[in-house]
Amino acid sequence: MDEHKKKGSSPGDSQCLVYKPTASVIEGATLKEYEVLYQRSISDRLGFWAEEAQKLEWFKGWDRVLDDSNKPFFKWFVGGKTNIVLNAIDRHVLTWRRNKLALIWEAETGESRTYSYHALNREVCKFANILKSMGVKKGEVVTLYLPQIPELTIAMLACAKIGAVHSVVFGGFSVEALATRIRDASSRVVVTADGGFRRGKTFELKSIVNEALKDSPTVEVCITVKRTGQPVSMEADRDFWLHELMALPIASMKCETEVMDAEDPLFILYTSGTTGKPKGLLHTHGGYSVYTATTLKYVFDLKEEDRYWCTADPGWITGHSYLVYGPLINGATQVMYEGAPNHPYPNRWWQIIEKYGVTILYTSPTAIRGLMRFGEQWPKRHDLSSLRLLGSVGEPINPEAWRWYHRVIGGERCPIMDTWWQTETGGFVITPLPISPLKPGSATRPFFGHEVAVVDDQGAQVPVGSEGNLVLKAPWPGMARTIWGDPERYKETYWKTYEKQGWYKAGDSARMDEDGYFWIIGRTDDVIKVSGHRLGTAEIESALVSHADVAEAAVIGVPHELKGHAIHCFVLLKHGRTGGKELEEQLKEHVSHQMGSLARPEKIEFMSVLPKTRSGKIMRRVLRARALGQDVGDTSTLEE
Ligand code: WT7
């Protein structure tokens, strides 16, 4: 929190100028009036959502917009029949859009591919037929563990098309993280690749799957995409190459889109929480389609002629909502890039913007900070004049990075949509529209249909400018419906604190300023955002404890210039073991191997004792204060 004050992102700070949209932005924008539309969306919330939902295709219309009879298990568009693929592909291929580019994909290696909506439909149908031939049934969970290649988008859509539920595991995760997610979902089928490319090197995927499958008894079939050509071990009767299956007559180019109930599951996506194993958040066909389509259309003012580029990996919610489903439902042309932003040179992204004429760029503060470091000369080599809108997501954007993004990348003409949302919300919740006056570092105001507040632990609104818990007061179509296999935990985690009021607790702390603008401060639970990636301290701690020398471990996030937060670990060794540089390296390697390199600790400190409460809970607050060289505060509950 102090960190933010220093950077001048707090309300009332003199540095915090308001950026008004230019006349041309206002002129071109679809929505001209936030206030009027917002008031309408609040006074007639269901009417607003029904009107948006009507813009999509349905096999059969809904009977009720919202069923809130079993709170907090809300149902949207009850009785409606649809399939997200009906809107993302089927309706487009019946129009001229069959010839429109759906996807322009480029890899770090320079290789590129394009898909029209017609081609995407063909590939999705073929893939869907392969899944069917493997016995995949409606409602079963298929785990996808792939690099950032079109096959990932195609596999997701293929699952949705036949009514299977996809669970995408980010390709940067490793053995233990993957195995936990496969087991929790009881997947029978896994789709992967032999490997992927990053920074001029290959990384492994299939070998990680093979290791994870030793602990995943439910898996019967593994389909592998040949991407790098590196040698991998394939087991007879379990392992199949995708390209071989695609060549078989079973991979027919025709496949019916399954008629789904609006509330039928579309996907689960695992995310980290305070304790224990990751939570599989469940999203559904109907509400999620309406929510991602509507939010993307209004916030990025998506137009037919746009070339939209979201740099996220489909393995995270940003990729699901705004790289796969949102853009496709809107019939957009989008760019997808596999690789590092600065390989082989720090102009890689700027080159892509120029090459493809990207008009909308949606990325993360951590990427902007990383690229800013190389200086203006890299973007300056390229013509970025095609850009008209910019976006940011994943963590609060510090005003310096915001201003650089605005000035150097956006040429001072592109408004920045700083979108606050979560895996749980399915799409944007607090966000500007192109017409909004902007304050660098603030996600501005609630999207249509949302009432957002900053409250204390009892639910009383805190004074303007004070810090408190962020709550969402009313349900929205894109909300996660439950945690896979654990509805109690869903209730407990998000709805228990404000049960009386019926509010959703976001798990973030925030402030609201005198203009009603929201300033997100950070997580209030044991979640760390490392380079915008959401990691749970509990998962990293159990990875540490699985090492033979470690007795106990505590993990915290500490502010980091580039990553936002970095992982610091405090480790208590088993009796007779001693710490040192070598063991520190070994433990870092161990966590990378178990969890993935994104969870690689920045620092490991060996402790002779960990601060605990009398009831045995590790006091991370004390560790955090110590790591930051701050006053430890009240330690009256600390064990002797
Ligand atoms: C957490 C959710 C939403 C897609 C990517 C992250 C933080 C996200 C912002 C933003 C400040 C942000 C919050 C939130 N966060 N966007 N624009 N400004 N903080 O999804 O992995 O589920 O993480 O990311 O702390 O709770 P996620």
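**Close-ups of a predicted 640-residue chain**

**View 1. The surface of the protein chain.** About 24,400 Å² of the protein chain is exposed, and carbon and sulfur atoms supply 51% of it (Shrake-Rupley areas, 1.4 Å probe). This is a predicted model, where local features need pLDDT of at least 70 and side-chain atom pairs count only at pLDDT 80 or more, while totals for chains, interfaces and linings use all residues. Residues are numbered from 1 along each chain as its sequence is written, and side-chain values use heavy atoms, with hydrogens and water left out.

**View 2. The overall fold.** You'll find 20 helices and 30 strands here (DSSP runs: H or I of at least four residues for helices, E of at least two for strands). Buried residues, meaning under 20% relative accessible area with a 1.4 Å probe, make up 62% of the 640. The C-alpha trace spans about 70 × 60 × 60 Å along its principal axes.

**View 3. The largest nonpolar core.** This core has 160 residues, and Phe77, Tyr325 and Leu470 have the most contacts inside it. A core here is a set of buried Ala, Val, Leu, Ile, Met, Phe, Trp, Tyr and Cys residues joined through side-chain atoms within 4.5 Å. Helix α6 (residues 117-133) gives the largest share, nine residues.

**View 4. Around Tyr325.** Leaving out residues up to four places away in sequence, Tyr325 touches Ile84, Met156, Leu157, Ala160, His166, Leu266, Tyr288, Thr292 and His320 (contact: heavy atoms within 4.5 Å).

**View 5. A second core.** Separate from the largest one, this core has 29 residues, including Ala367, Leu390, Cys414 and Leu438.

Notes: Buried means under 20% relative accessible area, exposed over 50%, partly exposed in between (1.4 Å probe, protein chains only).
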